[in-house]
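Trainee: I am new to this structure. Please show me how to read it, step by step.

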Amino acid sequence: MEFGWPVMLWALAAPPLLLWGYVRLVRRAARRERLLADPHLLSVLWSRPPALRRHLPVAFYLAAATILTLAVARPIAAIPLPVNRAALIIALDISKSMIGEDVAPNRLKAAQDAALDLLEAMPPTAKVGLVVFSDYAQVLVPPTTERETIRQAIGGLKVQQATGMGSAIVESLRVLPGRRALLGDRLNVQPGGPPGLVPSPPAGPVPDQQPADLPPAAIVIFSDGVSNLGIPPNVAISLAVDGKVKVYGVGVGTPNGSVMTVDNQLVLVPFDATLLSQVSQATGGRYFEITQREELRRIYRQLGRAMGWERRRTEVTSFLAGAAGILMMVGALFSMIWFRRVP
């Protein structure tokens, strides 16, 4: 916690002085009672309220005074506040391997259902976009708060050929708020070359947009994990890290894969979660299996809360003043009930 007016912290000496003064008043009153009558007669002359009733209102007043003196120094703290600038990209693999039926009814339909669950868990203020990838990545719906548009787009997906996971990440970064301005020409990376063997593009000069100013953003990739075309994943990972974008991988498939009949031939449709897991770990996200439905829903809810709230450095003087006011009213209420006076 920082303070906008730290010199006023000296005022924190006031509450202990008030407590000291209160203790002296209590002791002085006790001495007067002893001078007025013998101790064994005091209980006959008047009845003293229980100690809790006598001291509790004062305790509330002292706590309020402590908080008020702290508020005078104008404290600044990073507190979670609701935001409406967060964005999430749902990236769906529509390669031909998504016809595999090791996840009922098939991988693509299971991924579509999971994506709709994720969409449902997002707060209304968070923008959600849709990117699909196969031979190349394509933005079907830019980040928006219009949920019905995304539902219709997800429902109409059809499978295509190869898988380019790196292209999906880069295409997602291009439409996430603030990332194009931050990463600039680095997003113009061209597809090609064996995945994982192309060096990452050098970090160019940072434009006016600073990573700390970027709104919260994340990418959730639903895929069977095998990337065999497009931008090398390590390049995409580097860009995502620099753009402060976490990537969450959802593996769609089972370790044994699926055997399908294609053109009257039996074909093994593999599943490999290695790349998805690596991408998630390298960007600070997490990896999940699509068969973990309850775990996925729990993560969706956590992600929704994370996307809907953002920690911002804010002066909390008004919060402390409000808390002090509540404490004073509670103390006054007890005084009115027990002693019919304030304080």
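Trainee: What percentage of the 343 residues in the chain do buried residues make up?

Mentor: First, a caution: this is a predicted model. Now the count. Buried residues make up 41% of the 343 residues.

Trainee: How many helices and strands are there in the chain?

Mentor: The chain has 11 helices and 11 strands.

Trainee: And what area does the chain expose?

Mentor: About 18,400 Å². Carbon and sulfur atoms supply 60% of that area.

Trainee: What share of the contacts with a separation of 6 or more comes from residues 24 or more positions apart?

Mentor: Residues 24 or more positions apart account for 80% of them.

Trainee: Let us take one residue. Where is the place of A111?

Mentor: A111 sits in helix α4, which covers residues 107-121.

Trainee: Is A111 buried or exposed?

Mentor: Start from the cut-off: buried means under 20% relative accessible area. A111 has a relative accessible area of 0%, so it is buried.

Trainee: Which residues is A111 in contact with, leaving aside neighbours within four places in sequence?

Mentor: L92, M98, F222, V252 and I290. Look at D93 too. D93 and A111 are 18 residues apart in sequence, and their C-alpha atoms are 8.4 Å apart in space.

Trainee: What about Q112? Is Q112 buried or exposed?

Mentor: Use the cut-off again. Q112 has 9% relative accessibility, so it counts as buried. Q112 also lies in helix α4. Not counting residues up to four places away in sequence, Q112 touches I154, G155 and L157.

Trainee: Now the cores. How many residues has the largest nonpolar core?

Mentor: A nonpolar core joins buried residues of certain types through side-chain atoms within 4.5 Å. The largest one here has 34 residues. I90, L92, L118 and F222 have the most contacts inside it.

Trainee: Which elements give two or more residues to this core?

Mentor: The helices are α4, α5 (147-155) and α10 (293-308). The strands are β3 (87-93), β4 (127-133), β6 (217-223) and β7 (246-251). Helix α4 gives the largest share, 7 residues.

Trainee: Which residues is I90 in contact with, leaving aside neighbours within four places in sequence?

Mentor: I90 is in contact with A115, L118, V128, G129, L130, V131, V220 and F222.

Trainee: And how many residues are in the other core?

Mentor: That core has 30 residues and lies apart from the largest one. Among its members are A168, L214, I219 and L275.

How values were computed
Residues are numbered from 1 along each chain as its sequence is written. This is a predicted model: local features need pLDDT of at least 70, side-chain atom pairs count only at pLDDT 80 or more; totals for chains, interfaces and linings use all residues. Side-chain values use heavy atoms; hydrogens and water are left out. Helices (H or I, at least four residues) and strands (E, at least two) are DSSP runs, numbered from the N terminus. Buried means under 20% relative accessible area, exposed over 50%, partly exposed in between (1.4 Å probe, protein chains only). Contact means heavy atoms within 4.5 Å. Accessible areas come from the Shrake-Rupley method with a 1.4 Å probe; for residues, only the protein chains shown count as cover.
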